[in-house]
Amino acid sequence: YGWVEVTGIADRACYDLTQHALATNTNMEAREEYDEPQIVSSHEFLPNRQLLGKTFKQKHTEILDHLHTYNEKQRIEFKNQIESKKKVDVTICTGEKYTLTSDMISVQL
(Lines give C-alpha, C1' and ligand atoms only; values in the text may rest on other atoms or scores of the structure.)
Protein backbone atom coordinates (compact mmCIF):
# COMPACT_ATOMS: atom_id res chain seq x y z
CA TYR A 1 0.00 0.00 0.00
CA GLY A 2 1.29 3.44 -0.82
CA TRP A 3 3.01 5.04 -3.74
CA VAL A 4 6.47 5.61 -5.15
CA GLU A 5 7.42 8.81 -6.89
CA VAL A 6 9.95 8.47 -9.65
CA THR A 7 11.56 11.51 -11.21
CA GLY A 8 13.72 11.42 -14.29
CA ILE A 9 15.83 14.50 -14.81
CA ALA A 10 17.94 14.60 -17.94
CA ASP A 11 20.43 17.22 -19.00
CA ARG A 12 19.35 17.86 -22.56
CA ALA A 13 21.98 20.52 -23.25
CA CYS A 14 24.34 18.21 -25.15
CA TYR A 15 21.56 16.62 -27.20
CA ASP A 16 19.90 19.96 -27.99
CA LEU A 17 23.16 21.63 -29.01
CA THR A 18 24.15 18.65 -31.14
CA GLN A 19 20.80 18.67 -32.93
CA HIS A 20 20.98 22.45 -33.46
CA ALA A 21 24.52 22.19 -34.84
CA LEU A 22 23.45 19.45 -37.26
CA ALA A 23 20.33 21.31 -38.41
CA THR A 24 22.08 24.65 -38.97
CA ASN A 25 25.48 23.28 -39.99
CA THR A 26 27.02 25.44 -37.25
CA ASN A 27 29.95 24.51 -35.03
CA MET A 28 28.76 24.92 -31.41
CA GLU A 29 32.06 23.98 -29.75
CA ALA A 30 33.78 26.45 -27.42
CA ARG A 31 37.52 26.65 -27.76
CA GLU A 32 40.28 28.83 -26.40
CA GLU A 33 43.67 28.67 -28.05
CA TYR A 34 46.91 29.71 -26.39
CA ASP A 35 50.13 30.95 -27.96
CA GLU A 36 52.07 28.31 -26.05
CA PRO A 37 50.77 24.98 -24.75
CA GLN A 38 50.02 25.00 -21.03
CA ILE A 39 50.62 21.94 -18.91
CA VAL A 40 48.72 21.95 -15.64
CA SER A 41 49.24 19.28 -13.04
CA SER A 42 46.87 18.79 -10.17
CA HIS A 43 46.82 16.58 -7.12
CA GLU A 44 43.64 14.50 -6.89
CA PHE A 45 42.11 12.83 -3.86
CA LEU A 46 41.66 9.07 -4.17
CA PRO A 47 39.12 8.12 -1.50
CA ASN A 48 38.33 4.61 -0.31
CA ARG A 49 34.59 5.31 -0.40
CA GLN A 50 33.67 1.98 1.14
CA LEU A 51 35.84 2.55 4.22
CA LEU A 52 34.86 6.23 4.51
CA GLY A 53 31.17 5.32 4.31
CA LYS A 54 31.54 2.56 6.86
CA THR A 55 33.47 4.83 9.23
CA PHE A 56 31.63 8.14 8.88
CA LYS A 57 28.25 6.98 7.51
CA GLN A 58 26.39 9.82 5.75
CA LYS A 59 28.97 12.41 6.78
CA HIS A 60 31.55 10.96 4.36
CA THR A 61 30.02 12.94 1.47
CA GLU A 62 30.37 16.20 3.42
CA ILE A 63 34.00 15.34 4.18
CA LEU A 64 34.74 14.64 0.49
CA ASP A 65 32.91 17.79 -0.59
CA HIS A 66 35.06 19.77 1.84
CA LEU A 67 38.28 18.21 0.54
CA HIS A 68 37.35 19.10 -3.04
CA THR A 69 37.37 22.79 -2.06
CA TYR A 70 41.11 22.54 -1.30
CA ASN A 71 43.41 24.49 -3.59
CA GLU A 72 46.60 22.95 -4.96
CA LYS A 73 48.76 24.13 -2.05
CA GLN A 74 46.34 22.64 0.50
CA ARG A 75 46.26 19.36 -1.41
CA ILE A 76 50.05 19.12 -1.36
CA GLU A 77 50.09 19.84 2.39
CA PHE A 78 47.41 17.18 2.90
CA LYS A 79 49.43 14.69 0.83
CA ASN A 80 52.62 15.36 2.79
CA GLN A 81 50.87 14.99 6.13
CA ILE A 82 48.95 11.82 5.28
CA GLU A 83 52.11 10.20 3.91
CA SER A 84 54.28 11.14 6.88
CA LYS A 85 51.86 10.87 9.82
CA LYS A 86 49.42 8.39 8.25
CA LYS A 87 46.51 10.57 9.38
CA VAL A 88 45.06 14.05 8.90
CA ASP A 89 42.51 15.95 10.98
CA VAL A 90 39.90 17.69 8.83
CA THR A 91 37.39 20.26 10.07
CA ILE A 92 34.40 20.70 7.76
CA CYS A 93 32.24 23.83 7.43
CA THR A 94 29.91 22.75 10.25
CA GLY A 95 32.86 22.78 12.66
CA GLU A 96 32.89 19.01 13.01
CA LYS A 97 36.36 17.48 13.13
CA TYR A 98 37.25 14.14 11.55
CA THR A 99 40.47 12.15 11.43
CA LEU A 100 41.24 10.58 8.07
CA THR A 101 43.82 7.83 7.82
CA SER A 102 46.03 6.84 4.91
CA ASP A 103 43.90 3.75 4.25
CA MET A 104 40.80 5.98 3.85
CA ILE A 105 42.26 8.47 1.36
CA SER A 106 45.39 9.21 -0.62
CA VAL A 107 46.49 11.98 -2.94
CA GLN A 108 47.90 11.36 -6.40
CA LEU A 109 49.50 13.68 -8.92
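Which backbone oxygen does the side chain of His 60 reach, and at what distance? I will start there and then go through the aromatic pairs. One remark beforehand: this is a predicted model.

The answer is the backbone oxygen of Lys 57, which the His 60 side chain reaches at 2.8 Å. His 60 lies in helix α3. Is this histidine buried or exposed? Its relative accessibility is 17%, so it counts as buried, the cut-off being under 20%. If we leave out residues up to four places away in sequence, His 60 touches Leu 52 and Gly 53.

Now the aromatic rings. A ring pair is described by two values, the distance of the centres and the angle of the planes. The count for this model is four aromatic pairs. I will take two of these.

In one of them, Phe 45 and Tyr 70 meet edge-to-face, with 6.0 Å from centre to centre and 70° between the planes. Where do the two residues sit in the chain? Phe 45 belongs to strand β1, residues 44-47. Tyr 70 is in the loop between α3, residues 59-67, and α4, residues 72-85. They are 25 residues apart, and the pair links distant parts of the chain.

Why does Phe 45 count as buried? Because its relative accessibility is 6%, and the cut-off is under 20%. Tyr 70 is buried as well, because its relative accessible area of 16% falls under that cut-off.

The other pair is Phe 56 with Tyr 98. This one is also edge-to-face, at 5.3 Å centre to centre and with 80° between the planes. Phe 56 is in helix α2, residues 49-56, and Tyr 98 is in strand β3, residues 97-101. Here the partners are 42 residues apart, and again distant parts of the chain are linked. Both Phe 56 and Tyr 98 are buried.

Back to Phe 45. Which residues form one aromatic cluster with it? They are Tyr 70 and Phe 78.

Phe 45 also brings us to the strands. In β4, the residue opposite Phe 45 is Val 107. Strands β1 and β4 pair in the antiparallel sense, over four bridges. Which face of β4 is covered, and which is uncovered? Strand β4 runs over residues 105-108; Ile 105 and Val 107 make up the covered face, while Ser 106 and Gln 108 make up the uncovered one. Val 107, then, is on the covered face and stands opposite Phe 45, which is itself buried.

Terms used
Residues are numbered from 1 along each chain as its sequence is written. Side-chain values use heavy atoms; hydrogens and water are left out. Rings of Phe, Tyr and Trp (its six-membered ring) pair if their centres lie within 6.5 Å; planes under 30 degrees apart count as stacked, over 60 as edge-to-face and the rest as tilted. Buried means under 20% relative accessible area, exposed over 50%, partly exposed in between (1.4 Å probe, protein chains only). A polar contact is a pair of N or O atoms within 3.5 Å; within protein, one must be able to donate a hydrogen and the other to accept it, and residues adjacent in sequence count only if both atoms are side-chain atoms. Contact means heavy atoms within 4.5 Å. Two strands pair if DSSP finds at least two bridges between them.
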